[in-house]
Amino acid sequence: MASPAFEEIAETFEFLDDWEERYRYLIELGQNLDPLPEVERTEETKVKGCVSQVWVVLDDADGKIILRGDSDAHIVKGLVALMARLYSNRTPAEALTIDPKDVLSRIGLSEHLSPQRSNGLASMIATVRREAEARA
């Protein structure tokens, strides 16, 4: 159950010819994220299990979650942007119904990430799910 915002990303990935272009697009997605203020870059918001520095914050907006985040690595920040598009504007219960591996495999991302980035992405997903479970 992908969001319309994520569907737009999937369509763009299909349009791009090769993975070099797709990585550039992923980096652009990350560059378009608002930076996370220093005050929110805490041990509580830091994603454990990532080689890069990654912070994820889930806000509540009228019963729906809004995912915000940041990273010190360009591609990883793009992955944060993907997670924001996938999970934001959903209730916690809706967020828990998402199968991120299935959705991300549709764009071929799982086969094109290094093992460290794949582990980091799995840690991000686990963080989001844990937060959603606590709010459901």
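This passage walks through the core, two of the helices, the main pocket and a few unusual residues of a predicted model.

A good place to start is the inside. The largest nonpolar core has 40 residues, and within this group Leu67, Leu82, Met83, Tyr87, Leu104, Leu109 and Met124 touch the most other members. Plenty of elements chip in: two or more core residues come from each of helix 1 (4-15), helix 2 (19-31), strand 1 (54-61), strand 2 (64-71), helix 3 (74-87), helix 5 (100-106) and helix 6 (115-135). The top contributor is helix 3, which gives 10 residues to this core. For a feel of the packing, take leucine 109. Not counting its neighbours within four places in sequence, leucine 109 is in contact with Trp19, Leu26, Leu79, Leu82 and Leu104.

Helix 3 deserves a look of its own. Its 14 residues reach 20 Å from the first C-alpha to the last, close to the 20 Å expected at 1.5 Å a residue. The helix is mostly covered, with 12 of those 14 residues buried. The buried set runs through Ile75, Val76, Lys77, Gly78, Leu79, Val80, Ala81, Leu82, Met83 and Ala84, and also takes in Leu86 and Tyr87. Notice that a lysine, Lys77, is among the buried residues.

Helix 6 has 21 residues, and its C-alpha atoms span 30 Å from first to last, close to the 30 Å expected at 1.5 Å a residue. Its buried residues are Gly120, Leu121, Ser123, Met124, Ile125, Thr127, Val128 and Ala132. What do they pack against? The buried residues of helix 6 meet strand 1, strand 2, helix 3, helix 4 (92-97) and helix 5. In general, an α-helix has 3.6 residues a turn, so residues three or four places apart point the same way.

Arginine 117 also sits in helix 6. With a relative accessibility of 33%, arginine 117 counts as partly exposed. Leaving aside neighbours within four places in sequence, arginine 117 is in contact with Ile75 and Val76, both of which are buried residues of helix 3. The C-alpha atoms of arginine 117 and cysteine 50 are separated by 7.3 Å, though the two residues are 67 residues apart along the chain.

Next comes the largest pocket, with a volume of about 240 Å³. It is lined by 15 residues, and the closest to its centre are Ile66, Leu67, Arg68, Ala84 and Ser88. Strand 2 and helix 3 are the elements that give two or more residues to the lining, and strand 2 has the largest share, 4 residues. Sorted by class, the lining holds 8 nonpolar, 4 polar and 3 charged residues. Leu67 turns up in the pocket lining as well as in the core.

Finally, two backbone oddities stand out. Most residues other than glycine have a negative phi. Aspartate 62 has a positive phi instead, near 55°. This aspartate is found in the loop between strand 1 and strand 2, and aspartate 62 is exposed, at 83% relative accessible area. The other case is asparagine 89, which is not a glycine either but has a positive phi of about 65°. Asparagine 89 comes just after helix 3, in the loop between helix 3 and helix 4. Exposed means over 50% relative accessible area, so asparagine 89, at 51%, counts as exposed.

Note on methods
Residues are numbered from 1 along each chain as its sequence is written. This is a predicted model: local features need pLDDT of at least 70, side-chain atom pairs count only at pLDDT 80 or more; totals for chains, interfaces and linings use all residues. Side-chain values use heavy atoms; hydrogens and water are left out. A nonpolar core is a set of buried Ala, Val, Leu, Ile, Met, Phe, Trp, Tyr and Cys residues joined through side-chain atoms within 4.5 Å. Buried means under 20% relative accessible area, exposed over 50%, partly exposed in between (1.4 Å probe, protein chains only). Contact means heavy atoms within 4.5 Å. On a 1 Å grid over the protein atoms alone, a cavity is a set of points where a 1.4 Å probe fits but cannot get out, and a pocket is an open set with protein on both sides within 12 Å along at least five of seven lines; lining residues have an atom within 4 Å of a point. Grid points are joined across faces, edges and corners, and a volume is the space filled by probe spheres set on the points. Ala, Val, Leu, Ile, Met, Phe, Trp, Tyr, Cys and Pro count as nonpolar, Asp, Glu, Lys and Arg as charged, and the others, Gly among them, as polar. The expected span of a helix is 1.5 Å times one less than its number of residues.
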